[in-house]
Amino acid sequence: MPLAIISAAALPAAQAQTKLNVQVEQQGNTRTASMTVPVPPQRAWEVLTDYVATGEAMPDISKVQLLSRQGNSLRLRQAYQAPYTFGLTISADLAVTETPKTAIHFRMIKGDLISALSGSWSLTPTQTGTRLRHTITLVPELPGLMQPLFAQLTRTSLRDSMLRLSALMEKP
């Protein structure tokens, strides 16, 4: 799911000292962030699939509604407001498919000012915790002149959101 901007100062002191290594790569409109979180995969899964609470804990998401769930398929509505939305509140309805304990895939069904939105999460057990990989393709309806700023803001948002997610996962 698209995630948020948060400053390192807003993270708990213990989390800021953990110095997680979050890698963010970009290729066109696709960004991929990955990190290893020192929690078991079950804990990571619980936090990721608590869509409303985790989503609303992200600074760029102002509201999350679970519209429907049938087994491992669900529909969500998210409202975003962040530096990369340039002050606007943007809404998107997402179709989400879970592969229990290993992956989550999502795609936009409809949205405001977004041409395309899709992505995935993968969870891989490691000796020190869980490797999280989040890939998101986001194509905004913006003039070409604003695309470089949008790309910079979303890369920063993705990195900072991964740190926030780690803090949520490590919270007792």
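# Close-up views of a predicted model

**Figure 1. Strands β7 and β8 pair in the antiparallel sense over twelve bridges.** The model is predicted: local features require a pLDDT of at least 70, side-chain atom pairs count only at pLDDT 80 or more, and totals for chains, interfaces and linings use all residues. Residues are numbered from 1 along each chain as its sequence is written, and side-chain values use heavy atoms, with hydrogens and water left out. Strands (E, at least two residues) and helices (H or I, at least four residues) are DSSP runs numbered from the N terminus, and two strands count as paired if DSSP finds at least two bridges between them. Within this pair, T124 is placed opposite R131 of β8. The two strands make a hairpin, and two residues lie between them.

**Figure 2. The hairpin of β6 and β7 carries a positive phi in its turn.** Strand β6 spans residues 103-111 and strand β7 residues 114-126; the two run antiparallel and are joined by five bridges. F106 has G119 of β7 as its bridge partner, and H105 is likewise bridged to S120 in β7. Two residues separate the strands, and L113 in the turn has a phi of about 55°.

**Figure 3. Strands β3, β4 and β5 pair in sequence through antiparallel ladders.** Eight bridges connect β3 with β4, and β4 is joined to β5 over eight bridges. On the β3 side, K63 finds its bridge partner in A79 of β4. On the β5 side, Q78 is bridged to A92. The hairpin of β3 and β4 has two residues between the strands, and G71 takes a positive phi near 60° there.

**Figure 4. Eight strands build one open antiparallel sheet.** The order across the sheet is β1-β2-β8-β7-β6-β5-β4-β3. Strands β1 (23-27) and β3 (61-70) form the edges, each pairing on one side only. From one strand to the next the twist averages 20°; here and below, angles run from 0 to 180 degrees between N-to-C directions, and axes are lines fitted to C-alpha atoms, for helices over the stretch in contact. Strands of a sheet pair through backbone hydrogen bonds, in either a parallel or an antiparallel arrangement.

**Figure 5. Helices α2 and α4 pack on the sheet.** Helix α2 lies across β5 (90-99), β6, β7 and β8 (129-140), and its direction runs at about 160° to β7. Helix α4 touches β1, β2 (30-37), β7 and β8, and makes an angle of about 20° with the direction of β2. Contact here means heavy atoms within 4.5 Å.

**Figure 6. Helix α2 crosses helix α4 at roughly 115°.** The axes of α2 (residues 41-48) and α4 (residues 147-170) come within 9 Å. The crossing is right-handed: the near helix is turned clockwise from the far one by less than a right angle, anticlockwise being left-handed. From α2, the residues R43, A44, V47 and L48 meet L165, L168 and M169 of α4. These contact residues divide into six nonpolar, no polar and one charged, where Ala, Val, Leu, Ile, Met, Phe, Trp, Tyr, Cys and Pro count as nonpolar, Asp, Glu, Lys and Arg as charged, and the others, Gly among them, as polar.

**Figure 7. F86 and K101 take positive phi values in loops.** Most residues other than glycine have a negative phi. F86, placed in the loop between β4 (73-80) and β5, has a phi near 55°. K101, in the loop between β5 and β6, has a phi near 70°. Buried means under 20% relative accessible area and exposed over 50%, with partly exposed in between (1.4 Å probe, protein chains only). F86 counts as partly exposed because its relative accessibility is 32%. K101 also counts as partly exposed because its relative accessibility is 41%.

**Figure 8. The close-up views belong to a chain of four helices and eight strands.** From the N terminus on, the elements run α-β-β-α-α-β-β-β-β-β-β-α. Of the 172 residues, 45% count as buried. Among the contacts with a separation of 6 or more, 56% involve residues 24 or more positions apart. The chain exposes about 8400 Å², of which carbon and sulfur atoms supply 54%; the areas come from the Shrake-Rupley method with a 1.4 Å probe, and for residues only the protein chains shown count as cover.
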